[in-house]
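Visitor: Could you walk me through this structure? I'd like to start with the overall layout and then get down to side chains.

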Amino acid sequence: MTNQGRRLDEWEMREQICEVGRRVWQREYIASNDGNISVRLDDDKVLCTPTLVSKGFMKPDDLALVTLDGKQVGGRLPMTSEVKVHLEMYRQRGDARAVVHVHPPHATAFAVARQPVPKCILPEIEVFLGEIPVVPYATPGTQEFADAVIPFMEHHNAFLLTNHGALTVGADPFECYYRMETVEQYCKILILAKQIGDWTQIDPNKVMDLLRIRQKLGHKDRRVLQDAELCSYGVPGEQCAAAREGADGDKAFIEEVVRRVVERLKTRS
Ligand SMILES: [Zn+2]
């Protein structure tokens, strides 16, 4: 289901938010009243889900109308307390028209274990989704939480939120939903693969082929901007440093790699 480039009217947008709410609830990406969804209506107005309502059972007129600076100007139910991160996304990215935030179990498992999502494993992920950064923890619902996502917004469409969940951005609620499905399925496959063996990565040169396809499809990817450096297997016998560096410079991991390399050099000398 896509809008095929057609601009939806406000009622259709309300219906799409409710439909996506039903799907994320049915797929168990959320429990109880968790999660939130929004759509940018115009330069200053955003429709968002209300707080303390199950996203699986919303009706179009349950939604809240909010200005870009966070004032609720419509709707009988109070807006989600997470609206700040949605509004920040719209302020930072002109192409952002919708945002979905939920807690899909497999993706959230990575966020809780504070494990960066490895890259260069499945072709479709590299072509259609790109890197999935892990945003540092901040208290949900605060401006600090919204601010924590800002440094990752420009180059990514899907984000894991440390000890919390996942967030996607797109042209409409369905694009966000599909991106969320992709993130969750990828994380599920990674966890299953780990149980029967280990992750194996695609050869870096082949990854660059995928990134070129990604670029041709009009998706930006900082790995192409920075050339092939990020996808070189820096440490022989170790997992690709670039892939493990999914948290945008996971300092602890880099230090660990350096420690192991130093150790290996010591044992050789
Ligand atoms: Zn949440």
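Guide: We can go from the whole chain to the sheet, then to the surface and the salt bridges.

Visitor: Fine. What kind of model is it?
Guide: The model is predicted.

Visitor: How many helices and strands are in the chain?
Guide: The chain has ten helices and eight strands.

Visitor: And how many of the residues are buried?
Guide: Of the 269 residues in the chain, 50% are buried. The accessible surface of the chain is about 13100 Å², and carbon and sulfur atoms account for 53% of that surface.

Visitor: What about contacts between residues far apart in sequence?
Guide: Take the contacts between residues at least 6 apart in sequence: 65% of these join residues at least 24 apart.

Visitor: Now the sheet. What is the strand order?
Guide: The eight strands form an open sheet in the order β4-β3-β2-β1-β5-β8-β7-β6. The pairing is mixed.

Visitor: Which strands stand at the edges, and why do they count as edges?
Guide: They are β4, residues 72–74, and β6, residues 134–135. Each has a single partner strand, so one side of each has no neighbour in the sheet.

Visitor: Let's look at β1. What are its partners?
Guide: β1 covers residues 36–40 and runs antiparallel to β2, residues 45–48, with three bridges joining the two. β1 also runs antiparallel to β5, through four bridges.

Visitor: What holds paired strands together, in general?
Guide: Strands in a sheet pair through backbone hydrogen bonds, in a parallel or antiparallel way.

Visitor: How many residues are between β1 and β2?
Guide: Four residues lie between them, and the two strands form a hairpin.

Visitor: Which residues are the bridge partners of S38?
Guide: In β2 the bridge partner of S38 is C48, and in β5 the partner is V99. Further along β1, R40 has V46 as its bridge partner in β2.

Visitor: Is β1 mostly covered or exposed?
Guide: Mostly covered: five of its five residues are buried. N36, S38 and R40 point one way from the strand, while I37 and V39 point the other way.

Visitor: Which helix lies across β1, β2 and β5?
Guide: That is α1, residues 10–26, and it runs at about 155 degrees to β1. Helix α2, residues 83–92, also packs on the sheet. The strands that α2 touches are β1, β2, β3, β5, β7 and β8. The direction of α2 makes about 30 degrees with that of β1.

Visitor: Switching to the surface. Which residues make a nonpolar patch?
Guide: F128, I213 and L217 make one of about 290 Å².

Visitor: Where is F128, and how exposed?
Guide: F128 is in helix α4, residues 123–129. Its relative accessibility is 49%, so F128 counts as partly exposed; the cut-off for exposed is over 50%.

Visitor: Salt bridges next. How many are there?
Guide: A search of the whole structure finds twelve salt bridges.

Visitor: What does R23 pair with?
Guide: R23 forms a salt bridge with E19, with the closest N and O atoms 2.9 Å apart. The two are four residues apart in helix α1, so about one helical turn separates them. Both are partly exposed: R23 has a relative accessible area of 29%, and E19 is at 23%.

Visitor: What about E175?
Guide: The side chains of E175 and R179 meet in a salt bridge, 3.6 Å from N to O. These residues are four apart in helix α6, residues 173–196, which means about one helical turn between them.

Visitor: Are those two buried or exposed?
Guide: E175 is partly exposed at 31% relative accessibility. R179 is buried, with a relative accessible area of 11%.

Visitor: And which residue does D198 pair with?
Guide: D198 forms a salt bridge with K194, where the closest N and O atoms are 2.8 Å apart. D198 is partly exposed, with a relative accessible area of 49%, and K194 is partly exposed as well, at 42%.

Visitor: Which residues are joined into a network?
Guide: E19, R22 and R23 are joined into one network by salt bridges that share partners.

Terms used. Residues are numbered from 1 along each chain as its sequence is written. This is a predicted model: local features need pLDDT of at least 70, side-chain atom pairs count only at pLDDT 80 or more; totals for chains, interfaces and linings use all residues. Side-chain values use heavy atoms; hydrogens and water are left out. Two strands pair if DSSP finds at least two bridges between them. Contact means heavy atoms within 4.5 Å. Axes are lines fitted to C-alpha atoms, for helices over the stretch in contact, and angles run from 0 to 180 degrees between N-to-C directions. Patches are made of residues with over 30% relative accessible area and no salt bridge: like charges are joined within 9 Å, nonpolar side chains (Val, Leu, Ile, Met, Phe, Trp, Tyr) within 5 Å. Accessible areas come from the Shrake-Rupley method with a 1.4 Å probe; for residues, only the protein chains shown count as cover. A salt bridge is a side-chain nitrogen of Lys or Arg within 4 Å of a carboxyl oxygen of Asp or Glu. Buried means under 20% relative accessible area, exposed over 50%, partly exposed in between (1.4 Å probe, protein chains only).
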